[in-house]
Amino acid sequence: MKITVIGCGYLGATHAACMAALGFEVLGIEIDPTRRSALERGVLPFFEPGLPELLVEQVESGRLRFSADIAEAAAFGDVHFVCVGTPQRADGHGADLTYVEAAVTSLAAHLTGPALVVGKSTVPVGTAERLQEILQSQSPAGDQVELAWNPEFLREGFAVKDTLEPDRLVFGVRSERAEATLREVYSTAIDGGCPVVVTDFPTAELVKVAANSFLATKISFINAMAELCDVTGANVVTLADAIGYDERIGRKFLNAGLGFGGGCLPKDIRAFTARAEELGVKDALRFLHEIDRINLRRRKRVIKIARKELGGRLPGKRIAILGAAFKPNSDDIRDSPALEVAHTLHELGVHVTVHDVEAIEPARTKYPDLSYADTIEEACAEADLVMHLTEWLEYRAVDPAKLGEVVAGKRMIDGRNCLDIDAYREAGWTIRSLGRP
């Protein structure tokens, strides 16, 4: 069996390298010449732990190569994974399906024999049905071409593990043949005990957005509790520990802080609500609008705290921002709370200096007007206030006493609620958290 992966961005490059690692011959289709050239050299245009080494290994083995020719892909592959992006539309909250539809349409024109096309992109429910019609009406092979939907559940920073050792596999299929093909593709994981959910197209499409919406809800719930803790003197960390012991709730994703960002959760919950409105059931997901509002409000909250810590005045102050990526172990700055806070402070007249372990260059490209530092100490030099906004392990490991030697004022805002408050206070710092006294 030969596999193609159409679209070699974050999802596609990871999937292609991992499929090759499982022993398949893989052809990655990438139309961006700069990205394709880098991949051909085994170079990733983004940061993901463990993936660069795997990519180099598979390219050098000959099992993985890249092309821009969709006709070559159609002739090469037995199974075609569609991994292109579905960004938020510029004119609204819905998902932009331009890339998915273009990928399937261009592939369909060249499919002359039996093939399975597998969607992995996150799409609004109902998309697969339409893509199935495109495939069978526009493919020379007609009904010999089938569609399946196999949503991805990658966590940035753990994408290789999540692909090779998934915690579940979802197959949206319409035939035993399609199911059997996917079981063969994922036989290593299945033989290792990975549960498989076999279902229809709509359910498979809903799984990813439903999962992300639930996670977003859980995060925003504890952040709402943090707002109450701030005004009552309660401790949101202890609160989360206590309710987390309830097995119906669980402790994961109950970490209050600056809120979520990235290319999935914000985009997906907005697209989900937009699709619900199109289907005439907008009231069913009305609560997700408030989830989004709670999340965005966290960014304003931390700026309000910064202003208070600096005596009510921000213009002319120097603030060090520790973090630019939306989460650690990633250089992804899409909808990053940390970077938005930094940019907002800059617009308010603050001298902002940003440090991040991996995301400095992407941040500099998006916000060239901000100042950036290569080291934590350089970022914090003469700062009136330090704001910890992305929970890299490197920031937790900082010695508060040594850091205190370079700042102008020992003031810290822990926007991720994970620094050692006692250690900072013992070193003479004033430290504020979100929901912790």
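Biologist: Among contacts in the chain between residues at least 6 apart in sequence, what percentage join residues at least 24 apart?

Modeller: In this predicted model, the share of those contacts that join residues at least 24 apart in sequence is 72%.

Biologist: What makes the chain as compact as a globular protein of that length?

Modeller: The chain has 19 helices and 14 strands. Its radius of gyration is 24 Å, and the globule rule gives 22 Å for 437 residues; the two values are close, so the chain counts as being as compact as a globular protein of that length. Along the principal axes, the C-alpha atoms fill a box of roughly 70 × 50 × 45 Å, and 54% of the 437 residues count as buried.

Biologist: Why is Arg-270 called buried?

Modeller: Arg-270 has a relative accessible area of 14%, and buried means under 20%, so Arg-270 meets the definition with its 14%. The residue lies in helix α12, which covers residues 265–278. Once its neighbours within four places in sequence are left aside, Arg-270 is in contact with Gln-88, His-93, Asp-292, Leu-296 and Asp-335.

Biologist: Why does Arg-168 count as partly exposed?

Modeller: The relative accessibility of Arg-168 is 27%, and partly exposed is the class between the cut-offs of 20% and 50%, so Arg-168 belongs to that class. Its place is in the loop between α7 (159–164) and β7 (169–172).

Biologist: What does Arg-168 touch, leaving aside its neighbours within four places in sequence?

Modeller: With those neighbours left aside, Arg-168 is in contact with Phe-153, Cys-194, Pro-195 and Ala-211.

Biologist: How do you know that a polar contact joins the side chains of Arg-168 and Asp-167?

Modeller: The polar contact between these two side chains is 3.0 Å, and the cut-off for such a pair of N or O atoms is within 3.5 Å. Residues adjacent in sequence count only if both atoms are side-chain atoms, and here it is the side chains that are joined.

Biologist: Which residues of helix α14 are buried, and what do they pack against?

Modeller: In α14, which covers residues 337–347, Pro-337, Ala-338, Leu-339, Val-341, Ala-342, His-343 and Leu-345 are buried. The buried residues of α14 pack against the helices α13 (286–309) and α15 (360–366), and against the strands β9 (318–322), β10 (351–355) and β12 (385–388). Just after α14, Gly-349 takes a positive phi of about 95 degrees.

Methods:
Residues numbered from 1 in each chain as written. Predicted model: local features only at pLDDT ≥ 70, side-chain atom pairs only at ≥ 80, totals over all residues. Heavy atoms only, no water. Helix = DSSP H or I, 4+ residues; strand = E, 2+ residues; numbered from the N terminus. Buried < 20%, exposed > 50% of the residue type's maximum accessible area, 1.4 Å probe, protein only. Contact = heavy atoms within 4.5 Å. Polar contact = N/O pair within 3.5 Å; in protein donor to acceptor, adjacent residues only side chain to side chain. Rg over C-alpha atoms; globule rule 2.2 N^0.38 Å.
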